[in-house]
Structures are given as structure tokens and as C-alpha cells.
2 protein chains.
Amino acid sequence: MSIVAVGSVAFDSVATPSGRVQDILGGSATYFALAASYFTEVRVVAVVGEDFTGAHESVFKKRKIDTRGIERAKGKTFRWGGQYLENLNEAKTDFTDLNVFERFRPRIPTEYMDSKFLFLGNIQPSLQAEVCRKMNKVQLTGGDTMNFWINGAREELLQTLKLMDVLLINDNEAKMLAGEGNLPRAAQKVLAMGPKALVIKHGEYGATIFFREGAFGIGRHPFRAPTLPIEEVKDPTGAGDSFAGGFMGYIASQETLNREVLKRALFYGGVMGSFAVERFGTEWLQDLSREEIDARFQVFRELTHLE
Amino acid sequence: MSIVAVGSVAFDSVATPSGRVQDILGGSATYFALAASYFTEVRVVAVVGEDFTGAHESVFKKRKIDTRGIERAKGKTFRWGGQYLENLNEAKTDFTDLNVFERFRPRIPTEYMDSKFLFLGNIQPSLQAEVCRKMNKVQLTGGDTMNFWINGAREELLQTLKLMDVLLINDNEAKMLAGEGNLPRAAQKVLAMGPKALVIKHGEYGATIFFREGAFGIGRHPFRAPTLPIEEVKDPTGAGDSFAGGFMGYIASQETLNREVLKRALFYGGVMGSFAVERFGTEWLQDLSREEIDARFQVFRELTHLE
């Protein structure tokens with residue numbers, strides 16, 4: 001079933017120990033949509049500037065992603081520059097030119113309104129909430145946020161969390177949001193804020209999904225998916241959104257929604273994140289096959305599977 | 001089959017956010033032996049001082065651990081004091097009084113010489129090598145080391161690594177030993193130094209075992225075991241040695257030695273490490289049942305198991 005992705009489309013300039021790229025297509029909605037497109041129909045809501053060309057749009061089109069929700073505004077597309085030279089887990093931002101993204105106000109095309117799944121990329125929490133309220137046929141909403149909103153728009157964010165079914169954040173964000181340094185305790189506190197499930201991404205150590213009691217089935221334990229140890233992480237940009245794309249895309253492709261589906265989705269999230277980081281930008285995400293994805297899913301499975 | 005554990009017996013004084021204890025029984029050989037004792041017969045080689053009492057010895061005896069290799073020397077037992085107040089992953093050492101441990105020279109009782117498994121706790125690499133060379137009936141040797149030797153006795157350590165079948169270290173130690181910041185690349189470099197398998201412990205994220213090509217079976221991928229997210233880590237002291245005890249103890253209890261056994265052993269390592277940290281010192285390791293251990297093994301399994 002189709003999934004709507006709301007977020008940014010950007011041009012990124014990135015330097016890592018493996019090399020350097022300039023003004024390549026990126027942004028949370030882009031990474032998410034490409035990753036999810038291998039599982040289900042994806043519809044994007046974002047804003048771009050006049051420098052967004054047909055060649056850029058064809059990246060979406062080739063993956064049959066619906067771009068009717070990509071608004072063209074006067075001015076330049078959002079640009080971000082950063083480097084991961086000393087630590088591949090954390091970007092050092094060189095510049096952030098919001099450009100047309102500064103006044104982004106998500107407009108959902110009428111044709112998108114029947115979508116059953118929604119992903120809210122990392123944008124201002126009040127805008128995330130606005131989209132949630134509009135899209136009233138949605139069965140499951142997943143969302144992301146970041147330190148900037150956790151610290152700077154906490155009240156808004158707490159309201160928005162009540163509208164999200166699954167929140168996907170990393171270790172530090174979970175600890176900061178909960179005000180708690182112990183991860184499983186932080187997870188319990190975040191679940192008490194609203195989401196039925198919380199996915200905490202551990203970078204090279206995989207991800208854990210924590211469930212609110214009774215949500216999506218029974219059982220008191222969380223579930224953990226590994227990641228493939230990768231010998232050369234070329235570009236970590238977009239790993240989290242690609243993870244979310246694999247996770248939500250797999251969920252949207254399933255007939256039922258239960259813990260077993262969410263567990264498999266956690267593995268698919270890791271799989272798509274691992275493809276993303278092995279090449280610069282969205283390069284590999286543009287050019288995968290479902291067979292390659294499922295083969296890597298099997299590798300991930302074997303990584304932790306006991307006979 | 002029986003396993004010989006060479007290492008320290010110590011009295012630890014520890015402060016953590018959960019409390020504070022003084023002069024409690026600890027040391028690498030103690031944690032290892034207690035954890036391994038639930039799987040197989042364990043024989044300890046260590047040195048203690050005149051302050052090591054019958055009550056201390058009874059901790060070993062109750063678990064049927066052979067203490068004939070615990071040498072009594074004139075003077076005091078090794079004492080260590082440390083705190084984990086800001087970071088549960090790393091101890092801040094308050095004091096290290098080596099006492100009788102300073103002149104520790106492992107003496108293997110004749111009765112131990114038929115042992116098929118050997119664990120070398122974190123002692124001077126040249127002493128580890130000496131034990132390896134003496135115990136020529138051993139089928140599998142596991143060992144630990146630390147930053148102190150990696151930096152300060154590198155040549156000795158490199159010689160010793162050629163005698164170890166499985167090295168168990170943490171992320172930072174692996175990176176430091178290899179001189180390589182990427183973990184899977186570091187693992188390959190360490191395997192090239194001698195060990196057939198390398199266990200890298202990731203603390204709260206579990207552990208990964210990397211295999212030298214062709215060792216213990218076939219397959220090019222590593223294997224990862226999770227840990228249970230623990231809401232209150234009372235005392236991290238001894239987690240690594242308890243992990244090693246569960247890992248080596250399980251291996252020694254099996255009839256055959258192949259990758260599947262090593263994978264299960266990695267889970268049992270995590271299980272014993274998780275028990276260790278949930279109470280102060282060796283408290284819980286003294287008082288478990290195999291049923292509790294196997295129940296937790298099942299929980300660990302379900303943590304990553306897809307239907």
C-alpha cells in the first residue's frame with residue numbers, strides 16, 4: 001500500500017575519508033523514498049527550487065516515485081555541506097542554506113489522501129503534526145526528529161509524538177529526549193510520550209525496537225537487528241532516512257501489521273541503511289534490485305541466527 | 001571437559017551510581033571461573049595473599065572449582081579500586097595495589113596438565129605465552145589482553161597472539177591493536193596476527209565473532225550476539241571475564257568444536273556478562289542455576305530471532 005514521505009529534498013556537499021562530492025541529490029525525503037520504493041508505491045511531499053532539473057526529477061521517476069507533491073518554489077533548493085573526516089558517526093556541518101526549505105509548508109496533493117502509511121522526515125514538529133491531522137486515512141505514521149527540535153521545540157515535539165505510531169531516532173536523541181542516560185530506561189520514557197513503538201538506531205551496532213506494552217502484539221522484550229560490519233563506509237549521509245525507508249516500506253508492503261512484521265522491517269531498515277553508506281549519496285539506492293536486497297537480508301539474518 | 005583459567009584473584013572496591021562496595025572478591029580468574037563453572041569443570045591458577053580466607057575460598061568450592069592452582073604468597077592480595085560514576089562503560093581507577101600479584105608466575109599443578117581448554121586472563125603477555133607452551137595437551141586457548149599491554153608490551157603480545165586460538169577484547173582494544181579505526185578492517189588485521197577467531201565485545205551492544213578464513217568451518221561472514229538491554233547496570237566490573245567464562249565454558253562443555261558451537265558460545269558469553277553486571281561483584285554469579293542461564297539464553301535468542 002502506498003506511503004507518503006514528507007521531508008527535504010536537498011543538494012549535499014560531503015567530504016569523507018573516501019572522497020568528496022558537491023551538490024549531489026540528497027535530503028530526507030529523497031533517501032527515504034528511494035529506499036522505500038523497492039517495497040511499495042511512494043509519494044513524496046517536499047519543496048525544491050528552480051535549480052531542481054528534469055535530471056533530478058528522473059531519479060525519482062525511474063523508481064516510479066510519485067513527485068506530484070514536490071512543490072517548485074522561486075529560489076534555490078536547500079543546500080547542506082558537511083564532513084565526516086574524524087568520526088564517521090557524526091557529521092561536522094560546514095553550511096546549511098535552507099533556501100526554499102525555510103518556508104516549507106507541506107501541501108498534500110488530493111491524490112495522496114488515500115494513503116495508508118505516512119513518514120514524517122525530520123522537519124519542524126508543528127509541521128509534522130499538521131500533516132498527521134490532515135491525513136486522516138493513515139493507519140501507521142512513522143517519524144524522525146533531531147536534537148535541534150528536542151532542545152529547541154520540545155513542547156511542540158511532545159504534542160507531535162502523540163500522533164506518531166513509530167518514532168525512529170538514534171541513541172543520543174533518545175537519551176536527550178528522555179533526559180535519561182540508560183538506553184532501555186530512556187526507551188520506556190519515550191514510549192510513555194506517545195509512540196506505540198520506538199526504533200533506536202545504534203549506527204554500526206544495528207538498531208533496537210522497543211514496544212509499548214500490548215502494542216502490535218504481546219511480549220515484554222525489545223528486538224534487535226544487527227548491521228553488516230562494513231569495511232568502507234564511503235558516505236554516512238542519509239543512512240537514517242534510508243533505514244526508515246526500508247523499515248516503513250517493508251511494513252507498507254505487508255498485509256498485516258504485527259510484531260513479526262516490525263521485526264523483519266527492522267532488518268530491512270538495516271539492509272537499506274547499509275547499501276546507502278557503501279557509496280556516495282543516493283548512488284546505490286538508485287540502482288538496486290529486490291533480489292540484491294533480499295540476498296543482503298539473508299546475510300543480516302545469518303549474522304545473528306542460531307540453528 | 002575441564003578448563004584451566006589463569007588470571008588474577010583480587011579484592012575490589014567499587015563505586016557506581018547504584019552504590020559502593022569495599023574489598024569484595026573479584027579478579028579476572030574469579031569472574032571467569034564462576035561464570036564457566038555452570039558449564040564445565042574449572043581449574044584456577046592465580047596467586048593470593050595471607051588475607052585470602054577460607055570464606056573467600058568457599059566461594060570457589062561451592063561452585064566445585066578446583067583451587068589447587070591458587071598459590072598462597074606472603075603479603076596481601078591484589079587490590080583494585082575504581083568508579084563508574086559518569087560512564088558505565090569505562091572505569092576510572094582510584095588505586096591499583098598489585099601486592100602479591102606483582103611477582104605472579106603461574107604454576108600449573110600436575111593434576112591440571114590434562115586439561116583440554118585454557119583461558120588466559122589479562123596478565124603480562126610473556127606469562128600468558130609461558131603457560132601456553134607448558135600446557136601442551138590443550139585443544140583450544142582463549143585469551144584476553146588490554147591497552148596497557150597493547151601499548152607497553154606490543155612485541156611480547158604479538159608473540160603471544162600466535163599461541164591463542166581465540167582472542168577476546170573490546171572495540172577500543174581491537175582498534176588500538178590493529179592501528180585501524182574501522183572495526184571490521186581492524187578485525188581482519190588482528191586475525192592476521194594469529195588467532196583463528198576474534199571476539200570483539202561491544203558493551204551494551206553485544207559482541208561480534210570474526211573468523212579467520214577456513215577456521216572452525218566455512219563462511220565469510222562474522223556473527224553477532226546481542227545483549228539484553230539492562231535497565232540498571234549495578235556494577236560493570238568483571239563483565240568481560242564473565243563473558244569469557246560463559247563463552248569458553250560453553251565451548252568446553254561441547255563434544256565438537258565448530259562455528260555453530262562458537263556462535264552459541266557467543267550468546268552464552270553475553271548471558272553470563274549480563275548476570276554479572278546486574279548485581280555488585282560476583283554476587284549473582286555465585287548463585288545461579290543452569291535453568292536460569294538457559295532461560296536467559298532463550299531471551300537473548302528471541303531478541304534477534306526472526307520466525
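How many salt bridges does the rule find across the interface of chain B and chain A? The rule finds 0 salt bridges across that interface, in what is a predicted model, and the remaining description concerns how the two chains meet without them.

Confidence may be considered before the contacts themselves. The predictor assigns the complex an ipTM of 0.91 together with a pTM of 0.94, and chain A has an average pLDDT of 96, with 100% of the residues scoring at least 70.

In the model, 36 residues of chain B are in contact with 36 residues of chain A. Together the two chains bury about 3200 Å², of which 55% lies on carbon and sulfur atoms. Tyr205(B), Arg224(B) and Leu306(B) supply 25% of the area that chain B buries against chain A, which is more than any other three residues supply. Although the rule finds 0 salt bridges here, the count of residue pairs in polar contact between chain B and chain A, with both residues at pLDDT 80 or more, is 18.

On the side of chain B that touches chain A, at least two residues each come from α6 (171-178), α7 (183-191), β13 (223-225), α9 (259-278) and α10 (290-304) of chain B. The largest share of this side is supplied by α10(B), with 6 residues. The table divides the side of chain B that touches chain A by residue class.

| Class, side of chain B touching chain A | Count |
|---|---|
| Nonpolar | 15 residues |
| Polar | 8 residues |
| Charged | 13 residues |

Thus charged residues number 13 on this side of chain B, while the rule finds 0 salt bridges across the interface.

Conventions: Residues numbered from 1 in each chain as written. Chains lettered and ligands numbered in written order. Predicted model: local features only at pLDDT ≥ 70, side-chain atom pairs only at ≥ 80, totals over all residues. Heavy atoms only, no water. Contact = heavy atoms within 4.5 Å. Buried area = accessible area lost by both parts, 1.4 Å probe. Salt bridge = Lys/Arg side-chain N within 4 Å of Asp/Glu carboxyl O. Polar contact = N/O pair within 3.5 Å; in protein donor to acceptor, adjacent residues only side chain to side chain. Helix = DSSP H or I, 4+ residues; strand = E, 2+ residues; numbered from the N terminus. Nonpolar A, V, L, I, M, F, W, Y, C, P; charged D, E, K, R; others polar. pLDDT = per-residue confidence, 0-100.
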